[in-house]
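Student: Could you take me through one part of this model closely? I am new to it and would like to see how its pieces meet.

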Amino acid sequence: MNFWRSTIGKKTVMAVTGLLMLLFLIVHMLGNLKIFFGRTDFDHYAHWLRTIGNPVLHESWYLWIQRFVLVVAVVLHAVSAYQLSRRDLKARPTKYSHHQRAKAGYATHIMRYGGITLALFIVYHILDFTTLTLNRHGVDGAAYDNVVSSFSVWWVTVIYIAAMICLGLHIQHGFWSAAQTLGYNRPSRDRAFKGMATGLAVLLTAGFLIVPVSVLAGLVD
Amino acid sequence: MKLTLRIWRQAGPAEPGSMVAYEVPDANPDMSFLELLDVLNERLTLEGGDPVTFDHDCREGICGSCGVVINGQAHGPRALTTTCQLHVRSFSDGDVIDIEPWRSVAFGVLKDLMVDRSGLDRIIQAGGYISAPTGSAPEAHSTPVPKPIADSAFDNATCIGCGACVAACPNGSAMLFTSAKVAHLNSLPQGAPERASRVLNLVEAMDAEGFGGCTNTGECTNACPKGIPMDSIATLNREYLRASLGRK
């Protein structure tokens, strides 16, 4: 387990789990957009998610497999981040008395706090739409009405906006950083990876936010 | 030129340190930054004070001995320039200049601006070489090396091991230094037989010294007086993964 013990090994785990979560987010975001086709379509889609793999898999089995993989990914990502951050902070105990002018941008600077914010948001999000504990409508199977009931409240939408901006910033540095960590980056590909990172960040942030904003604006009700 | 230097003074490794201000009223714009410190030290010596300790050797920007953090920037404000090659003309009359030692848990302060960089030496000992005695430089045509690879290996070989990358990194990481060795030696035919063991040993030694990890902030390459690129870190990661997965 020398690989896991090394700093590069842990970064690799972060890169792979990060990309796995990113893949899920793209599918999640595209699925959300089905809300614009109306209640019947969206609820049907939500129900279909429980039947993926039928009849090989029993009802909701695929969903549980996916949830398990995602939880493992989140835990590995967070544990690596925590251990590496502790090491990094310990490696540089004394700050310069003359403040360093950072070359890195805000997205890089905010990675750790952004990550913690996203972890808290995921818990909130699951309580809102998966367990329906915090959902105002909270009827199992009525995905459309559950979504509308949450996002009709302005401060819920504000929480989602803040979280999705964090997500965008996290992806903007994270995606390029993963390309670097996994050794896929080359000078000839650097601009392309940076461009893809920004593109994915904007696409996901906008794609996720269009739903709560549309609900709050009364376009979806 | 009149300059005020605020310099980190620390009597020994275990002693507490602090920033102390010194006036240099007669700085010449054509002086190098180290000569500026020399002038201050001459005066301190004549006054019976303790001169400021700092590392220096060739003063030509090729040995990697010198290096201090000037106004929060390793090697000061000029890109691709070591402290010895920085000149007083890069500053303005009346400036207050903060001068601090490299900061990293792996670089303990020995005295004032001098730090213990032997951690970098131990990384080199772990794999920054080719074991086979190859004698003098071989006939260039006997082992053809494609031009882009030769260029990249040479660029990485220009690392002088000054430690500015570690000093600039918010994590005190030595990834850029270590990556320069890997990108240099692993890309050449002479280094190929030890390609896997070299990178594994280098990274193990790097981690053992207590350096932080890479978060891809790019501060290292920004501070590097030799312009070692971030691409070298991608190469190190690639070589490490390759060796860890057991690919030959």
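Tutor: Happily! Across the interface of domain 1 and domain 2 of chain B, the rule finds 5 residue pairs in polar contact, both residues being at pLDDT 80 or more; a polar contact is a pair of N or O atoms within 3.5 Å, where within protein one must be able to donate a hydrogen and the other to accept it, and residues adjacent in sequence count only if both atoms are side-chain atoms. This is a predicted model, in which local features need pLDDT of at least 70 and side-chain atom pairs count only at pLDDT 80 or more, while totals for chains, interfaces and linings use all residues. Residues are numbered from 1 along each chain as its sequence is written, chains are lettered from A in the order in which they are written, and side-chain values use heavy atoms, with hydrogens and water left out.

Domain 1 spans 3-110 and domain 2 covers 117-134 + 143-244, with bounds from an automatic or database domain assignment. In contact (heavy atoms within 4.5 Å) are 19 residues of domain 1 of chain B and 19 residues of domain 2 of chain B.

The rule also finds 1 salt bridge across this interface, that is, a side-chain nitrogen of Lys or Arg within 4 Å of a carboxyl oxygen of Asp or Glu. B:R117 forms a salt bridge with B:D55, their closest N and O atoms lying 3.2 Å apart. B:D55 is partly exposed, at 23% relative accessible area (buried is under 20%, exposed over 50%, partly exposed in between, with a 1.4 Å probe and protein chains only). Between B:D55 and B:M114 there are 5.7 Å in space, C-alpha to C-alpha, although they are 59 residues apart in sequence.
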